[in-house]
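Here are a few notes to read alongside the model. Take them one at a time, with the structure open next to you.

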Amino acid sequence: MAHSPQRRNEAPVAAPAPDAETLLARIRAIAAEVAAPRAVDVDARGRFPEETFAALREAGALSAAVPVEHGGAGCGMAALAEQCAALAQGCGASGMVLAMHHIQVLCLVRHAGASPYFAGVLRELSERQLLLASVTSEVGVGGDTRTSRCAVVPTADGISIDKDATTISYAEHSDAMLITARRDVDAASSDQVIVYAPRGALRLEKTANWDPMGMRGTCSPGFRVRFDGRPEQIVPVPYADVSALTMVPSSHILWSGVWTGISADAVARASAFVRAEARRTPGTVPPMAARLAEVSVELQTMRNHWQSLAREFDRLALQGDGGGLATIGWALKMNNLKIASSEAAPRIVHRALQVIGIQGYRNDSRYAVGRQYRDVLSASLMVANERIASKTATMLLVHKDD
Ligand SMILES: Cc1cc2nc3c(=O)[nH]c(=O)nc-3n(C[C@H](O)[C@H](O)[C@H](O)COP(=O)(O)OP(=O)(O)OC[C@H]3O[C@@H](n4cnc5c(N)ncnc54)[C@H](O)[C@@H]3O)c2cc1C
């Protein structure tokens, strides 16, 4: 049975959506007061950061990307990325969950909001602060998000999908999922659609555990996902367009924000360590202060990269989907951003560790950066850099510089 997007009897009375500036200030406070104090426990137990997400819901943060006319804050990409960076500075896994949620919401906002069904979904999302998860990965296709084995199958009541996903973050804590699948049973593997699947219409069967090196609080095991729904739950635009115009750029920009937040946390610990050393020997500059200065350059460069591309996205998005977001030049910028940020983050955390020394290596020290280090090692794997680099190489064969 399809799930109605309107469950107003369960909906709390929604406060007016905050503006982008207010929301960022609230998320910064949540990062410092709720996420950071629990980050060690979230990591150690590999548990979902539920206190942080309760606070984000209360702040209205889960509808940040929803347009004002549907009850959200109407934030653009630049504002969303700042939110992800701010939260990740307190807890990397929390920042990544917020980023993945914003990416799903943007796919609906930018490609489905005109349909009455999806207008209702966005309204409900704002009222109830729904958390959306992503099901692009699939057994048998690896990390190639533009290929599906499963298909949308017609049933007597509507449609169904049966997908064996390798990884679904916070699946058991989400209110709905966006699932990619072949358009129908005869479609080619790249002829995909993306389908909105509320929890009430899903059956989840865990097929793998989640005991990773880092990003433990994202809670991302494998699941067999079975969905029964209605055709109007299919986003009315081919997934090829949703992916190129929204999912890929928003992933690379918002993930870069997350990795910057985690790196900034490590650099802040290095700064605090150097300041403490300086207080011990007044009148002298500790030798590692020079290394701190060097790593701060790299952190600023990393931040400036996604900030400028997020602003460019917001400008190009106003031109409509046929504009600059559909060009090879833009796709190359996105690939380059992903590779640059995912390589910079582990380097920055490593350099922060060299500044701090053994106090950064010890898990029981207030300068510890082990969690940050393990978290950012996921960056190059989350859509493998090798896969992205080989696509970039192909595009460069046909692309002429602007
Ligand atoms: C923290 C985290 C959270 C995640 N959350 C989700 C989620 O919520 N939903 C979801 O669907 N997925 C999720 N994923 C999965 C993610 O999106 C990718 O699908 C997954 O990380 C890729 O897995 P893979 O390395 O096996 O795949 P592949 O991309 O197939 O890579 C396998 C190997 O092949 C290499 N390779 C691939 N292509 C090429 C090429 N062209 N040339 C050379 N080598 C190549 C890679 O470098 C790698 O060594 C998550 C992953 C992480 C780390």
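How many residues of domain 1 are in contact with domain 2, and how many of domain 2 with domain 1?

1. Counting contacts. In this predicted model, 21 residues on the domain 1 side touch 18 residues on the domain 2 side. The centres of domain 1 and domain 2, worked out over C-alpha atoms, are 22 Å apart.

2. Where the domains sit. If you want to find your way along the chain, domain 1 covers 16–130, domain 2 covers 134–233 and domain 3 covers 239–398.

3. Who does the touching. On the side of domain 1 that touches domain 2, the elements giving two or more residues are helix H1 (20–45), H4 and helix H5 (116–128). H4 gives the largest share, 10 residues. By class, that side of domain 1 has 14 nonpolar, 5 polar and 2 charged residues.

4. H4 has another partner. Helix H4 (residues 92–111) also packs with helix H6 (residues 239–280): the angle is about 160° and the axes are 9 Å apart. Angles over 145 degrees count as roughly antiparallel, so that is how H4 and H6 run relative to each other. The crossing of H4 past H6 is right-handed.

5. Residues to click on. In H4, look for Gly 92, Met 96, Ala 99, Ile 103 and Leu 106, which are among those meeting H6. From H6, the residues that meet H4 include Val 242, Leu 245, Leu 254, Trp 255 and Ile 262. Sorted by class, the H4 and H6 contact holds 12 nonpolar, 9 polar and 1 charged residues.

Methods
Residues numbered from 1 in each chain as written. Predicted model: local features only at pLDDT ≥ 70, side-chain atom pairs only at ≥ 80, totals over all residues. Axes fitted to C-alpha atoms, helices over the stretch in contact; angles between N-to-C directions. Helix = DSSP H or I, 4+ residues; strand = E, 2+ residues; numbered from the N terminus. Parallel < 35°, antiparallel > 145°, perpendicular 65-115°, else oblique. Left-handed = near helix turned anticlockwise from the far one by under 90°. Contact = placed C-beta atoms within 7 Å. Nonpolar A, V, L, I, M, F, W, Y, C, P; charged D, E, K, R; others polar. Domains from an automatic or database assignment.
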